[in-house]
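Student: I would like a close look at a single part of this structure. Please take one helix and go through how it sits among its surroundings.

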Amino acid sequence: MSDTPFATTPKPPYYAVIFTSQLSDRSDSYRELAERMVELAASQPGFLGLESVRDASGTGITVSYWASLPEIAAWKRHSEHLVAQQRGRSGFYTDFRLRVAVVESESALQRPS
């Protein structure tokens, strides 16, 4: 396991799904559902990694990385993910944006500890 919170991704190109949200419900049920979605996404074909942060006000950004658009579409249609999407729309979020982008280049710096 890596000692960095950043996803280990292949040489570009690949895809990034950027989900920016404002939470209205910070209950245990939200945290459990979010953890389950990360676990489930990680088991899907084409999933490359994920990075996620949320501040004290409930604003969060999650970026998941994928090998192809068809694999992103399959994740969007996954039955358990569809239920989670509906729960998000009906109560967990007051606002969100979902963006899909092609990652064309990448650079990095990792200083030794």
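Tutor: What follows is an account of helix α1 and the core it contributes to. The model is a predicted one. Helix α1 covers residues 28–42, which makes 15 residues. At 1.5 Å a residue the expected span is 21 Å, and the end C-alpha atoms lie 21 Å apart, so expectation and model agree.

The buried residues of α1 are Tyr30, Leu33, Met37, Leu40 and Ala41. Viewed down the helix axis, these buried residues fall within an arc of 95°, and therefore they line one face of α1. On the face turned away from that buried side are the exposed residues Glu32, Glu35 and Glu39. The cover over the buried residues of α1 includes the strands β1 (14–23), β2 (47–54), β3 (59–66) and β4 (93–103), along with the helices α2 (69–77) and α3 (79–92).

In soluble globular proteins, nonpolar side chains tend to be buried together. Here the largest nonpolar core has 15 residues, and the members that touch the most others are Met37, Trp66, Trp75 and Phe92. At least two residues of this core come from each of β1, α1, α2 and α3, and α1 gives the largest share, five residues. Leaving aside residues up to four places away in sequence, Phe92 touches Tyr30 and Leu33, among others including Gln22, Leu23 and Arg87. A second core, separate from this one, has six residues, among them Ala7, Ala16, Tyr65 and Val103.

Two of the covering strands, β2 and β3, pair with each other in the antiparallel sense over seven bridges. Tyr65 in β3 is the bridge partner of Gly49.

Methods:
Residues are numbered from 1 along each chain as its sequence is written. This is a predicted model: local features need pLDDT of at least 70, side-chain atom pairs count only at pLDDT 80 or more; totals for chains, interfaces and linings use all residues. Side-chain values use heavy atoms; hydrogens and water are left out. Helices (H or I, at least four residues) and strands (E, at least two) are DSSP runs, numbered from the N terminus. The expected span of a helix is 1.5 Å times one less than its number of residues. Buried means under 20% relative accessible area, exposed over 50%, partly exposed in between (1.4 Å probe, protein chains only). The arc is that of the directions from the helix axis to the C-beta atoms. Contact means heavy atoms within 4.5 Å. Two strands pair if DSSP finds at least two bridges between them. A nonpolar core is a set of buried Ala, Val, Leu, Ile, Met, Phe, Trp, Tyr and Cys residues joined through side-chain atoms within 4.5 Å.
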